[in-house]
Amino acid sequence: MNIKASRKELVEVAKGERAAHLFIKGGTVINVYSGELLKQNLAIYEDCIAYIGHSEHCIDKSTKVINAEGMYVSPGFIEAHAHPWVVYNPISVTSKVLPLGTTTTVNDNLFFYMHMGVNGFKKLISDLKQLPGNFLWLVRLISQADYPGEREWFNEQDVQQLLELDDVVGTAEVTRWPLLYHGDPFLQHTMDYVKKLGKISDGHTAGCSYEKLNAIAAAGVSACHEAITAEEAIDRLRLGLWTTLRNSSLRPDLAEIIKLITEKKVNISRILMTTDGPHPAFIEKEGFVDGLVRQAVGLGVPVMNAIQMVTINAATYLRLDDYIGGLAPGKRADVILLPNLVDFRPDLVIANGEVVAENGVLTASLPEIDWNQYIVRKPFSFSTSVLETSELYLYPHTTNDPVPVIYFRSNVITQRKDIELPSKNGFADLSAHEGLLNAVLIDRNGEWIVKGILERFAVNVDGMASTYNTTTELLVIGKDHKAMAKAAAKVYEMGGGIAVVDGDEVVLEIPLPLTGMMTADRSFDVTVKYHNELLFALQQRGFPFHDILYTLLFLTCDFLPGLRLVPFGLYDVKSDEILLHATPLSNIFFKRTN
């Protein structure tokens, strides 16, 4: 991290020889270093804190004085594990969370890199430096579902280029953690490389036993946010991992895992908290990092500890505590003024020495970004006429053998369920089985198609299509092949997004032109509206769960239990077996035209 103010200037302000630009007077400073609440003044010069104490010696007529009587002066909050692509984009999510007091976010680059490559993503990083606050990055080493050409795209040279950038603080989570466990050479080498750079390696160890966690820790992983019980959390803590307590839209687990602190009374110095990429409506209702602090305190965590977990602890984990995470001379001036220690909603937010929000409203300007300038991957590289082929959407079935069906046990966990289905014209006939839906994943380059059948995803979906999934390929679901084709064509027309079709009518369309995952809109409110419309539409049609975005996201991953649609075929994760291989798309189109 760099600072604008020179050390000489900061020393002069501290001694009263130079005037401060901002002076916060009479507030109660939350000192996360000592754990004290202290009635003190705070002086800011350029982007840094220069003085904290009782003197007013660095005020002159040019200094802007902020009266903080009756207020609590806190370090800005830090979200150390953010996913800035959950329909919202980096600009729209910053516009929402910065006024809530989160002055630093550390962000997963997955879909940006998948669609921009190394050069486009480097330019994006540079341009987003214009954002108010600190917008930092973690770099993925692999995707969340293996695909043809993955290792060429995520290659050593490009990944190392990104890891060397100042705004990149380390490697992002490896969701396919068994690769680490089994000693993948590229991952092992890159873990060593990032350690030499003095940066972190974020982790993801969902479902990993204590014994296997030993190997993951030995591989160089720094942290994990996947504990869903206090026992799982203490396992990670005992093995030296920074342990991140999660409360997200998909996994609102804080009430359980916080028992690590409230009941087990562990040392909190290596504990963080994260929202882990919640959907837009969750942020609208629950807040962001402010919501984590609010809930933790409500569950019995002392106020100081709750704030330390999202300030100094997070900064120390990120190896940035020389710059952020606390209020002290020489640190960046990321400061929030809290009216009380109950709501944790700031009246004033200062980021890098500038007032950026007041009373929950953003006052800082946001950059104008043309997202298209970074993209190197075309939305679709085949003719839309391909999508008119009815056979595209039907599951091949010519025997009396049961068909393996993707049965949803929860939002994101599936299991294999073998069902006897009649065959009609060489395809599985679902007409007598309410709740069974055809599902296909179509390569955007027109190379392949993968097919499956879903149960307990929804009941009455004629057709829907979505590029919002972890492959960003075209996922099409439904019971009516004509409606499925229409939904697919609508998403094609939008250049990415989500569409729902009833009969011959498009009843919902959500354009997501930015990598197929995000709006290009600067408004966070738009993303909330889109999310709510999508969830309502699917729940009306029988979707039984609470987080539709993560259901779509992880249906096409290859690391969670059950059956999945991945680029190589219908995949059984537990047995590591492809049950139905991907088919060249040209085969199906050729049959139709002949």
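In the predicted model, the second largest cavity has a volume of about 60 Å³. Its lining is formed by Thr-94, Val-97, Leu-98, Thr-102, Thr-103, Thr-104, Thr-105, Pro-132, Gly-133, Asn-134 and Phe-135. Three elements, namely helix H2 (90-97), strand E7 (102-108) and strand E8 (134-139), each supply at least two residues of this lining. The greatest contribution to the second largest cavity comes from E7, which provides four residues. By residue class, the lining of the second largest cavity comprises four nonpolar and seven polar residues, with no charged residue.

The search of the whole structure that identified this space found five cavities of 30 Å³ or more. In general terms, empty space left between atoms is revealed by rolling over them a probe the size of a water molecule. The largest cavity holds about 80 Å³ of space. Around the largest cavity are Ala-82, His-83, Pro-84, Tyr-88, Val-93, Val-97, Thr-105, Asn-107, Thr-275, Gly-277, Pro-278 and Phe-288. At least two lining residues of the largest cavity come from H2, and at least two from E7. Val-97 and Thr-105 appear in the lining of the largest cavity and also in that of the second largest. The lining of the largest cavity divides into seven nonpolar and five polar residues, and charged residues are absent from it.

Aromatic pairing was examined next. The structure contains 16 aromatic pairs. The Phe-543 and Phe-545 rings form an edge-to-face pair, because their planes stand at 85 degrees, with the centres 5.6 Å apart. Both partners are shielded from the surface by the 20% criterion for burial: Phe-543 counts as buried at a relative accessibility of 4%, and Phe-545 is likewise buried, with a relative accessible area of 11%. The rings of Phe-554 and Phe-559 also have centres 5.6 Å apart, and their planes meet at 80 degrees, so this pair too is edge-to-face. Phe-554 and Phe-559 are both buried. Elsewhere, ring pairs join Phe-112, Phe-121, Phe-135 and Trp-137 into a cluster. One member of that cluster, Phe-135, is also among the lining residues of the second largest cavity.

Thr-470 lies in the loop that connects strand E24 (463-466) to strand E25 (474-478). With a relative accessible area of 2%, Thr-470 is buried. Leaving aside residues up to four places away in sequence, the contacts of Thr-470 are Leu-110, Phe-111, Met-114, Gln-144, Ala-145, Leu-553, Thr-556 and Cys-557.

Two domain annotations were taken from an unreviewed UniProt entry. The record assigns "domain: Amidohydrolase-related" to residues 72-356. This span is 39% helix and 18% strand, and its end C-alpha atoms lie 18 Å apart. The feature "domain: Adenine deaminase C-terminal" is placed by UniProt at residues 412-575. Over residues 412-575, helix accounts for 24% of the chain and strand for 34%, and the end C-alpha atoms are 18 Å apart. Thr-470, in the loop between E24 and E25, falls within the annotated range 412-575. Its contacts include Leu-110 and Gln-144, which fall within the annotated range 72-356, as well as Leu-553 and Thr-556, which fall within residues 412-575.

Terms used: Residues are numbered from 1 along each chain as its sequence is written. This is a predicted model: local features need pLDDT of at least 70, side-chain atom pairs count only at pLDDT 80 or more; totals for chains, interfaces and linings use all residues. Side-chain values use heavy atoms; hydrogens and water are left out. Buried means under 20% relative accessible area, exposed over 50%, partly exposed in between (1.4 Å probe, protein chains only). Contact means heavy atoms within 4.5 Å. On a 1 Å grid over the protein atoms alone, a cavity is a set of points where a 1.4 Å probe fits but cannot get out, and a pocket is an open set with protein on both sides within 12 Å along at least five of seven lines; lining residues have an atom within 4 Å of a point. Grid points are joined across faces, edges and corners, and a volume is the space filled by probe spheres set on the points. Ala, Val, Leu, Ile, Met, Phe, Trp, Tyr, Cys and Pro count as nonpolar, Asp, Glu, Lys and Arg as charged, and the others, Gly among them, as polar. UniProt positions are given in the numbering used here, feature names are shortened, and annotations may be inferred rather than shown by experiment. Rings of Phe, Tyr and Trp (its six-membered ring) pair if their centres lie within 6.5 Å; planes under 30 degrees apart count as stacked, over 60 as edge-to-face and the rest as tilted.
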